[in-house]
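This report describes how a bound molecule and a metal ion are held in a protein. Please keep the sequence and the structure in view while reading.

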Amino acid sequence: MAAAPEPAVLKAFEAAKGFMPLDEGLALYAAAVDAARLGLPLLEVGTYCGRSTLLLADAARAAGTTAVTVDHHRGSEEQQPGWDYHDPETVDPELGVMDTLPAFRRTLYRAGLEEHVIALVGRSPRIAALWRSPLALVFIDGGHTDEHASADYEGWAPRLAEGGLLVIHDVFPDPADEFTGQAPYRIWLRALASGAFTEVSATGSLRVLRRTEAGSRGRR
Ligand code: SAH
Ligand code: MG
């Protein structure tokens, strides 16, 4: 039987703000369970309100490792007021700017997963520049511009251990399907072209690749 998230975690996933459909969530969870066997941390770029973090956290808990999630919590371009993916509830009423950290903390607390997650608040490339530990999984679901997606790939993919998994969300090979650009698709192509990864699975717009040579080599 394929591993499944705890029922309470699935309920929390459905209740959390966010855009990831369940089939993609289950594929992310399966990748997290697979990767967590390496006994290394699972890293996510793009926490938002914690919907996908829950699944990494549940897999980390089962394997005795930790999920690390990175976000400045001010939202991506398409989540700002006036854009398609804006949720007015994510605006800090005092400052009038987005702040998804409170919703994220509620999501994790309610699911009882706080102790399995380390949340890093800041810009992904600034955090990646300080990061030296090998990772079992890198899940890229942050900014969708070429600038952001490329920086996430360049900053985090080299930290993947051999056998670790690179997971990329919002990969749309057909421009007719995309809703926030094809930058995630372009980094997926780049990972394949680097020769350091092999394809594992594709579920909706979620792509899973396995690192076949040790991290920090084959950086392209
Ligand atoms: N993984 C989440 C959705 C993430 S939405 C889920 O499935 O529910 C994308 C998030 O990336 C937003 O919260 C935004 O604030 C964050 N983000 C965008 N660019 C970023 C950057 N350069 N550094 C850190 N976070 C960034
Ligand atoms: Mg996404």
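In this predicted model, ligand 1 sits in the largest pocket. The shell around ligand 1 consists of 19 residues, and the closest of them are Gly46, Ser52, Asp71, Ser124 and Asp141. When the residues of this shell are sorted by character, 12 are polar, 5 are charged and 2 are nonpolar.

Polar contacts of ligand 1 include the three in the table, which lists the atom of the ligand, the part of the residue that it faces and the distance between the two.

| Atom of ligand 1 | Partner in the protein | Distance |
|---|---|---|
| Nitrogen | Glycine 46, polar backbone atom | 2.7 Å |
| Oxygen | Aspartate 71, N or O atom in the side chain | 2.6 Å |
| Nitrogen | Histidine 72, polar backbone atom | 3.4 Å |

Taken alone, ligand 1 would expose 590 Å², and the protein buries 97% of that area.

Which residues coordinate the magnesium ion, ligand 2? The ion is coordinated by Asp141 through OD, by His169 through ND1 and by Asp170 through OD, at 2.1 to 2.3 Å. Asp141 is also among the residues closest to ligand 1. Along the sequence, the donor residues of the magnesium ion follow the spacing D-x27-H-D.

Are histidine 169 and aspartate 170 buried or exposed? Histidine 169 has a relative accessible area of 6% and therefore counts as buried, because the cut-off is under 20%. Aspartate 170, with a relative accessible area of 7%, is buried for the same reason.

Methods. Residues are numbered from 1 along each chain as its sequence is written. Chains are lettered from A and ligands numbered from 1 in the order in which they are written. This is a predicted model: local features need pLDDT of at least 70, side-chain atom pairs count only at pLDDT 80 or more; totals for chains, interfaces and linings use all residues. Side-chain values use heavy atoms; hydrogens and water are left out. Donors are N, O and S atoms within 2.8 Å of the metal (3.2 Å for Na, K and Ca); water is not among the atoms, so sites may look incomplete. Buried means under 20% relative accessible area, exposed over 50%, partly exposed in between (1.4 Å probe, protein chains only). A residue is near a molecule or strand if one of its heavy atoms lies within 4 Å of it. A polar contact is a pair of N or O atoms within 3.5 Å; within protein, one must be able to donate a hydrogen and the other to accept it, and residues adjacent in sequence count only if both atoms are side-chain atoms. Accessible areas come from the Shrake-Rupley method with a 1.4 Å probe; for residues, only the protein chains shown count as cover. On a 1 Å grid over the protein atoms alone, a cavity is a set of points where a 1.4 Å probe fits but cannot get out, and a pocket is an open set with protein on both sides within 12 Å along at least five of seven lines; lining residues have an atom within 4 Å of a point. A molecule sits in a cavity or pocket if more than half of its atoms lie within 2 Å of its grid points. Ala, Val, Leu, Ile, Met, Phe, Trp, Tyr, Cys and Pro count as nonpolar, Asp, Glu, Lys and Arg as charged, and the others, Gly among them, as polar.
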